[in-house]
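Biologist: I should like to learn how salt bridges, burial and enclosed cavities are read from a set of coordinates. Could we work through one example together?

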Amino acid sequence: MPDDAAVPTMFDQKLDKLAALAVRVGLNLQPGQEVVMTAPVEALPLVRRIAAHAYQAGATLVTPLIGDDEVALARYRHANDDAFDTAPGWLFEGMAAAFRGGAARLAVVGEDPTLLAGQDPAKVARANRARSIAYRPALELITSFAINWNLVPAATPGWAREVFPGVPESEAVARLWDAIFMACRVDQADPVAGWAAHNATLHARTKFLNGKDYAELRYRGPGTDLVIGLADGHLWAGGAEPAKNGIICNPNIPTEEVFTTPHKLRVSGTVRSTKPLAYQGTLIDDIQVRFEEGRIVEAHASRGEDVLRRVLETDEGAARLGEVALVPHSSPISASGLLFRNTLFDENAASHIALGQAYTTCLRDSAGVPMDELAKRGANASLIHIDWMIGSGEIDIDGVTKTGSVEPLMRGGEFVGA
């Protein structure tokens with residue numbers, strides 16, 4: 001008889017289900033593929049299970065790249081000033097080469113949203129810009145959906161403390177894991193079947209929106225009076241979609257969104273964030289911006305404003321939109337009542353927009369078309385892609401047809417007819 005230590009606990013079973021889900025549903029990993037995986041050091045138990053399931057699915061090689069908060073902080077505490085203009089381009093070029101060679105991309109996320117809150121915002125901005133420039137070759141393959149890729153969460157102490165402040169760390173981590181398992185549908189008897197049903201719902205929603213082919217969306221709510229024109233020939237997407245390599249994958253676990261490409265020149269009005277934005281270790285709260293002809297011309301935040309302004313200065317496209325996404329206020333993540341302070345979760349609790357690079361796959365007949373041609377249809381280009389939340393139970397959204405008719409699309413944060 002095995003001793004008690006050898007008997008998997010309920011937590012072990014759910015963690016293994018999450019790993020299997022990341023490989024089977026998230027990546028839909030195919031025999032013969034390599035996997036390039038990034039993760040925080042605290043996520044090693046999940047990383048090891050993912051590797052096991054990947055090899056069982058036929059992976060030829062799983063390469064984990066492990067990050068550590070203390071190492072990241074050491075840079076800000078001890079590095080010379082010129083260090084903040086440096087990024088590992090050699091690493092990202094290698095990742096891009098792996099993707100071009102057929103590797104899948106898996107990111108285990110669980111960063112501390114306030115890790116760099118006490119650091120010099122100028123150094124944070126310089127480091128982020130250097131990284132964005134170096135990461136561009138790999139990012140382009142991801143945003144163009146050239147490969148099958150997936151983001152999956154792991155509870156870490158730094159993240160858990162922010163979600164459950166004032167709670168003992170071990171309890172906070174346990175509670176965050178429970179929330180992750182719920183949001184990822186791991187607590188269901190058959191998570192794979194649960195995801196199949198959920199994907200069917202998202203696909204029905206995208207079919208409805210693609211049939212409508214709206215020219216623009218109009219948002220109304222507290223602090224928000226916004227018009228977002230949609231790119232010419234835009235397509236809505238959501239849930240499991242085929243990558244250009246032919247593999248159908250779920251890029252985000254969890255996900256509740258349907259999304260498309262806005263026109264970079266046709267956004268006007270004001271909008272206020274409804275949840276904080278956790279970006280590269282900095283929390284940016286109460287964002288309020290004003291758009292003119294697609295560009296942010298005025299920006300404020302009650303917290304992290306300096307970082308926000310530096311983000312908007314990254315390049316010409318950083319102050320324009322690359323994505324617009326719709327999420328019902330009643331989504332399971334929103335219904336949990338938790339503020340996750342993590343974009344993977346919070347963007348799936350509320351409708352949102354993204355600054356920066358557009359997903360060019362959300363344009364009809366975009367395969368092989370140069371970016372300058374896609375730009376004429378409204379696709380934005382940038383070194384960054386940063387989602388932030390603008391939806392709530394107080395937001396109404398109308399769809400405007402190409403003939404100018406106005407139709408209710410969402411009321412009180414819920415879909416009407418979709």
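Modeller: The discussion below takes up salt bridges, then one arginine, then cavities. This is a predicted model, in which local features need pLDDT of at least 70 and side-chain atom pairs count only at pLDDT 80 or more, while totals for chains, interfaces and linings use all residues. Residues are numbered from 1 along each chain as its sequence is written, and side-chain values use heavy atoms, with hydrogens and water left out.

Biologist: How many salt bridges does a search of the whole structure find?

Modeller: A salt bridge is a side-chain nitrogen of Lys or Arg within 4 Å of a carboxyl oxygen of Asp or Glu. By that criterion, the search of the whole structure yields 21 salt bridges. One of them joins Lys212 to Glu407, with 3.2 Å between the closest N and O atoms. This pair links distant parts of the chain, 195 residues apart: Lys212 belongs to helix H8 (residues 191-212) and Glu407 to strand E19 (residues 406-411). Helices (H or I, at least four residues) and strands (E, at least two) are DSSP runs, numbered from the N terminus.

Biologist: Are Lys212 and Glu407 buried or exposed?

Modeller: Buried means under 20% relative accessible area, exposed over 50%, and partly exposed in between (1.4 Å probe, protein chains only). Lys212 is partly exposed at 32%, and Glu407 is partly exposed at 23%.

Biologist: Which residue forms a salt bridge with Arg320, and is Arg320 buried or exposed?

Modeller: Arg320 pairs with Glu316, the closest N and O atoms being 3.1 Å apart. Arg320 is buried, with a relative accessible area of 11%, whereas Glu316 is partly exposed at 48%. In another salt bridge, the side chains of Arg290 and Glu298 meet at 3.1 Å, N to O. Arg290 has 29% relative accessibility and counts as partly exposed; Glu298, at 35%, is also partly exposed. Salt bridges may also form a network, as they do among Asp81, Asp85 and Arg126.

Biologist: Which residues does Arg295 touch?

Modeller: Contact means heavy atoms within 4.5 Å. Leaving aside residues up to four places away in sequence, Arg295 touches Arg290, Glu316, Ala319 and Arg320. The side chain of Arg295 also reaches the backbone oxygen of Glu316 at 2.9 Å. Arg295 itself lies in strand E14 (residues 295-300) and is partly exposed, at 29% relative accessible area.

Biologist: How is enclosed space found, and how many cavities of 30 Å³ or more are there?

Modeller: Rolling a probe the size of a water molecule over the atoms shows where empty space is left. On a 1 Å grid over the protein atoms alone, a cavity is a set of points where a 1.4 Å probe fits but cannot get out; lining residues have an atom within 4 Å of a point. Grid points are joined across faces, edges and corners, and a volume is the space filled by probe spheres set on the points. Two cavities of 30 Å³ or more are found. The largest has a volume of about 70 Å³, and its lining comprises 13 residues, with Val327, Ser351, Gly391, Ser392 and Gly413 nearest its centre.

Biologist: Where is the second largest cavity, in terms of the residues by which it is lined?

Modeller: Its lining consists of Pro40, Glu42, Asp69, Gly110, Glu111, Asp112, Thr156, Gly158 and Trp159. The volume of this second largest cavity is about 30 Å³.

How values were computed
On a 1 Å grid over the protein atoms alone, a cavity is a set of points where a 1.4 Å probe fits but cannot get out, and a pocket is an open set with protein on both sides within 12 Å along at least five of seven lines; lining residues have an atom within 4 Å of a point. A polar contact is a pair of N or O atoms within 3.5 Å; within protein, one must be able to donate a hydrogen and the other to accept it, and residues adjacent in sequence count only if both atoms are side-chain atoms.
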